Amino acid sequence: MSMKRTNVYADPEDLAIIKEAAKRRGIGEAEIIRQGIHLAAMANRVWDEPLFSRTFEGPGRTLSKDEVRDVVADGVTHGSGSAA
């Protein structure tokens with residue numbers, strides 16, 4: 001994977017924590033910073049499709065705790081994916 005160099009301003013306390021973590025883990029500080037950039041990028045990414053695109057049929061109301069328990073137990077027992 002190719003890398004692109006960039007400059008950022010960081011809080012000195014954050015940099016000290018990164019330096020300590022890199023030493024403890026035996027990796028470079030830059031690797032920890034790259035991991036942080038990747039996590040920030042993924043947390044702010046806009047996906048083309050929703051995470052949950054499936055819909056489920058149901059009775060049109062919120063099921064009670066007992067109804068949910070019964071449906072789940074039935075699904076485990078009989079392998080059924082149907083709702084109440």
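Six salt bridges are counted in this structure, which is a predicted model. Side chains of opposite charge can pair when their charged atoms come close. With that idea in mind, it is worth walking through some of these pairs one at a time.

A good place to begin is helix 2, which spans residues 29-43. Here the side chains of Glu31 and Arg34 meet in a salt bridge, with 3.1 Å from N to O. Both residues belong to helix 2 and sit three residues apart, or about one turn of the helix. Glu31 has a relative accessible area of 30%, so it is classed as partly exposed. Arg34 is likewise partly exposed, because its relative accessible area is 36%, and the class covers values between 20% and 50%.

Helix 3, made of residues 65-78, offers another pair to look at. In this helix, Asp66 and Arg69 are three residues apart, which means that about one helical turn separates them. Their side chains form a salt bridge at 2.9 Å, N to O. Arg69 also has a salt bridge with Asp70, where the closest N and O atoms are 3.2 Å apart. Through these shared partners, Asp66, Arg69 and Asp70 are joined into one network of salt bridges. As for the two acidic partners, Asp66 is partly exposed, because its relative accessibility is 45%, and Asp70 is partly exposed at 45% as well.

The surface has a nonpolar side to its story too. Leu15, Ile33 and Ile37 together make a nonpolar surface patch of about 240 Å². Of these residues, Ile33 lies in helix 2, the helix that also holds Glu31 and Arg34. Why can Ile33 take part in such a patch? Membership calls for over 30% relative accessible area, and Ile33 qualifies on this count because its value is 34%, which makes it partly exposed.

Finally, the largest pocket brings some of these residues together again. The space in this pocket comes to about 410 Å³. Its lining consists of 13 residues, and those nearest the centre are Met3, Lys4, Thr6, Arg34 and Ile37. Two of these names have already appeared: Arg34 is the salt-bridge partner of Glu31, and Ile37 is one of the residues of the nonpolar patch. By type, the lining of the largest pocket is made up of six nonpolar, four polar and three charged residues.

Notes. Residues numbered from 1 in each chain as written. Predicted model: local features only at pLDDT ≥ 70, side-chain atom pairs only at ≥ 80, totals over all residues. Heavy atoms only, no water. Patch = residues over 30% accessible without salt bridge, like charges linked within 9 Å, V, L, I, M, F, W, Y side chains within 5 Å. Areas by Shrake-Rupley, 256 points an atom, 1.4 Å probe, with all protein chains shown as cover. Salt bridge = Lys/Arg side-chain N within 4 Å of Asp/Glu carboxyl O. Helix = DSSP H or I, 4+ residues; strand = E, 2+ residues; numbered from the N terminus. Buried < 20%, exposed > 50% of the residue type's maximum accessible area, 1.4 Å probe, protein only. 1 Å grid on protein atoms, 1.4 Å probe; cavity = no way out; pocket = protein on both sides within 12 Å on 5 of 7 lines; lining within 4 Å. Points joined across faces, edges and corners; volume = space filled by probe spheres on them. Nonpolar A, V, L, I, M, F, W, Y, C, P; charged D, E, K, R; others polar.
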